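Biologist: Could you take a close look at one part of this protein for me, the pocket and the packing around it? I would like the cut-offs as well, please.

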Amino acid sequence: MAQIFVVHPENPQSRLLRQAGELLAEGGLVAVPTDSSYAVVARLDDKAAADGLRRLRGLDDRHHLTLLCRDLAEISHFARVDNTQYRLLKMATPGPWTFILEASREVPRRVSHPSRKTIGIRVPDHRVALALIEAAGSPLMSTTLIPQDEDLPLNDAQEIFARYEHQLAAVVDGGPCAFEATTVIDLTGAAPEVVRRGRGDPAALGLA
């Protein structure tokens with residue numbers, strides 16, 4: 001059965017997040033709030049956990065898992081970023097953006113797109129999510145917590161616990177989220193392409 005950790009959204013208790021990080025290290029899946037919606041996360045180096053993420057969401061291996069990073073430096077470690085892309089990422093991070101980038105060799109195949117060798121990466125602007133990444137000691141694989149056959153993500157930690165108490169190791173309850181998807185921008189082509197409009201306004205990055 002999942003544990004539930006109730007934390008302050010602006011000043012989360014490090015002790016509780018360390019416990020959640022330990023559950024991640026043991027191969028567990030953890031639900032955590034972000035600046036868009038609740039996400040389910042797992043350790044980057046855990047293949048079984050990656051499979052568990054996809055089973056929970058009903059996803060196949062063609063679906064991008066997103067890498068949650070602490071900062072811009074970590075993004076450049078896991079993705080190939082040129083100077084133009086770097087300037088755009090610097091403007092946008094942290095924030096409600098997901099960027100599709102060419103994956104570096106540091107990204108396990110199970111996380112990158114199998115045919116395109118690309119990866120979705122973002123730095124969430126949410127203290128609880130960032131603190132959990134810090135407690136885990138490395139970026140985390142993630143996917144938005146949208147129940148199978150539904151269209152909207154879950155935004156209430158108690159409901160998440162009720163639905164997934166036997167599939168998750170823990171739920172980090174940091175209160176409700178913004179409840180709006182990230183804006184997804186593909187940076188693998190000749191010019192940035194807005195794939196999905198969400199909470200981030202493309203105009204803020206100079207994109208139409």
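Modeller: Happy to; what follows starts with the pocket and then turns to the nonpolar cores and one helix.

This is a predicted model, in which local features need pLDDT of at least 70 and side-chain atom pairs count only at pLDDT 80 or more, while totals for chains, interfaces and linings use all residues. Residues are numbered from 1 along each chain as its sequence is written, and side-chain values use heavy atoms, with hydrogens and water left out.

The largest pocket has a volume of about 590 Å³. A pocket here is an open set of points on a 1 Å grid over the protein atoms alone, where a 1.4 Å probe fits, with protein on both sides within 12 Å along at least five of seven lines; lining residues have an atom within 4 Å of a point. Points are joined across faces, edges and corners, and the volume is the space filled by probe spheres set on them. The lining has 30 residues, and Thr66, Thr144, Thr182, Val184 and Arg196 lie nearest the centre. Two or more residues each come from β4, β6, β7, β8, β10 and β11 (strands are DSSP E runs of at least two residues, helices H or I runs of at least four, numbered from the N terminus). The most come from β8, with 3 residues. By class, the lining has 11 nonpolar, 12 polar and 7 charged residues (Ala, Val, Leu, Ile, Met, Phe, Trp, Tyr, Cys and Pro count as nonpolar, Asp, Glu, Lys and Arg as charged, and the others, Gly among them, as polar).

Now the cores. The largest nonpolar core holds 43 residues, of which Phe99, Ile160 and Leu168 touch the most other members. Such a core is a set of buried Ala, Val, Leu, Ile, Met, Phe, Trp, Tyr and Cys residues joined through side-chain atoms within 4.5 Å, buried meaning under 20% relative accessible area with a 1.4 Å probe, protein chains only. The elements that supply at least two residues each include β6, β7 and α6. Beyond four places in sequence, Phe99 is in contact (heavy atoms within 4.5 Å) with residues including Leu88, Ile119, Ile185 and Leu205.

Finally, helix α6. Its buried residues are Ala157, Ile160, Phe161 and Tyr164. These four lie on the same side of α6, because they cover an arc of only 100° around the axis, taken from the directions from the helix axis to the C-beta atoms. They pack against β1, β2, α2 and β9.

Methods. Buried < 20%, exposed > 50% of the residue type's maximum accessible area, 1.4 Å probe, protein only.
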